[in-house]
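Got the viewer open? Here is a short walk through the model, one selection at a time.

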Amino acid sequence: MARVLIADDDPGFLVSLSIALRRDGYEVCAAENSEQALELLDGKKFDFMMVDIRLGPLLGVELAEWARLRVPDLPVIFMSAYSYAELEGRIRRVTSLPVLEKPFNVDEVGRIMADPVGVRK
C-alpha cells in the first residue's frame with residue numbers, strides 16, 4: 001500500500017481527497033498547512049506527496065523544494081484551483097508530473113502514479 005502525504009489548506013477538499021484515496025487503497029496522511037506537512041515529513045516515509053500550490057504559510061512549491069532536498073526522488077503532484085503561471089518554472093524544477101487542476105477526478109492520481117518512468121523524473 002502506497003503512503004501519500006496530502007497538504008492542502010482547504011479542510012473540506014482535504015477530507016474529501018483523503019477519503020477517496022483511502023477508498024482506492026492508499027495510506028493517507030493529511031496536513032492543513034506547510035508546518036503540519038513538515039512535521040509529518042520529518043517523522044514518516046512517503047511514497048509520494050500531493051501539495052496545494054497556494055498552501056500556507058509556505059507556498060506548496062517551497063514545501064516541495066524542502067521535501068526534495070531531504071528525499072530527492074520523492075514524487076510530487078501539485079494541485080491548484082488558481083493560476084500558477086508565475087510559479088511554473090519552480091514547479092518544473094521539482095517535478096515533471098502534471099499539475100492537477102481542482103476539481104479533478106481522483107482516478108487521475110492512480111494514472112499518474114502508475115507510470116514509473118514519469119513518477120521518478
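The stops below go from the sheet to the cores, then to the charged pairs and a couple of polar side chains. Keep in mind throughout that this is a predicted model.

**Stop 1: the sheet**

Start in cartoon view and colour the strands. You should find 5 strands in an open sheet, ordered 2-1-3-4-5, with parallel pairing. The edges are strand 2 and strand 5, each of which pairs on one side only. Now zoom in on strand 3 and strand 4: they run parallel and are joined by 4 bridges. For a landmark here, pick M49, which stands opposite V76 in strand 4.

**Stop 2: the largest nonpolar core**

Next, show side chains for L5, L41, M49, L63, F78 and I91. Within the largest nonpolar core, which has 23 residues, these are the ones that touch the most other members. Which elements give two or more residues to this core? They are strand 1 (3-7), strand 2 (27-31), helix 2 (34-43), strand 3 (48-52), helix 3, strand 4 (76-80) and helix 4. Helix 3 gives the most, with 4 residues. As a general backdrop, nonpolar side chains in soluble globular proteins tend to be buried together.

Centre on L5 and bring up its surroundings. Setting aside residues up to four places away in sequence, L5 touches C29, A31, A37, L40, L41, F46, F48, M49 and M50. There is also a second, separate core of 20 residues, and V28, M50, I77 and L97 are among its members.

**Stop 3: L21**

Select L21 in helix 1 (residues 11-23). Is L21 buried or exposed? With a relative accessible area of 0%, L21 is buried. Beyond its neighbours within four places in sequence, L21 is in contact with V4, I6, Y26, V28, M50, V106 and V109. Try a distance label from L21 to V109: these two are 88 residues apart along the chain, yet their C-alpha atoms are separated by 8.6 Å.

**Stop 4: the charged pairs**

Time to colour by charge. In general, side chains of opposite charge can pair when their charged atoms come close. This structure holds 8 salt bridges, and three of them are worth a visit.

Go to E27 and R3, whose side chains meet in a salt bridge at 3.0 Å, N to O. E27 lies in strand 2 and R3 in strand 1, so the pair ties together parts that are 24 residues apart in sequence. Both ends are partly exposed: E27 has 30% relative accessibility, and R3 has a relative accessible area of 22%.

Then select D8, D52 and K102, which are linked in a network of salt bridges. Take the D8 side of it to begin with. The side chains of D8 and K102 meet at 2.5 Å, N to O. D8 sits in the loop between strand 1 and helix 1, while K102 is in the loop between strand 5 and helix 5 (107-113), so this salt bridge ties together parts that are 94 residues apart in sequence. Both D8 and K102 are buried.

Now swing over to the D52 side. K102 and D52 form a salt bridge between their side chains at 3.6 Å, N to O. With K102 in that loop between strand 5 and helix 5 and D52 in strand 3, the pair ties together parts that are 50 residues apart in sequence. Like K102, D52 is buried.

**Stop 5: R68 and T95**

For a contrast, pick R68 in helix 3 (residues 60-70). R68 is buried yet has no salt bridge. How far away is the nearest side chain of opposite charge? That side chain is D73, at 6.6 Å. What the side chain of R68 does reach is the backbone oxygen of V94, at 2.3 Å.

Finish on T95, in the loop between helix 4 (88-94) and strand 5 (100-101). T95 counts as buried because its relative accessibility is 3%. Turn on polar contacts and follow its side chain in two directions: one goes to the backbone oxygen of V76 at 3.1 Å, the other to the backbone nitrogen of L97 at 3.0 Å. Leaving aside neighbours within four places in sequence, T95 is in contact with R68, V76 and F78. That list leads back to earlier stops: F78 from the largest nonpolar core and V76 opposite M49.

Methods: Residues numbered from 1 in each chain as written. Predicted model: local features only at pLDDT ≥ 70, side-chain atom pairs only at ≥ 80, totals over all residues. Heavy atoms only, no water. Buried < 20%, exposed > 50% of the residue type's maximum accessible area, 1.4 Å probe, protein only. Lys, Arg positive; Asp, Glu negative; His and termini not counted. Salt bridge = Lys/Arg side-chain N within 4 Å of Asp/Glu carboxyl O. Polar contact = N/O pair within 3.5 Å; in protein donor to acceptor, adjacent residues only side chain to side chain. Contact = heavy atoms within 4.5 Å. Core = buried A, V, L, I, M, F, W, Y, C linked by side-chain atoms within 4.5 Å. Pairing = 2+ DSSP bridges.
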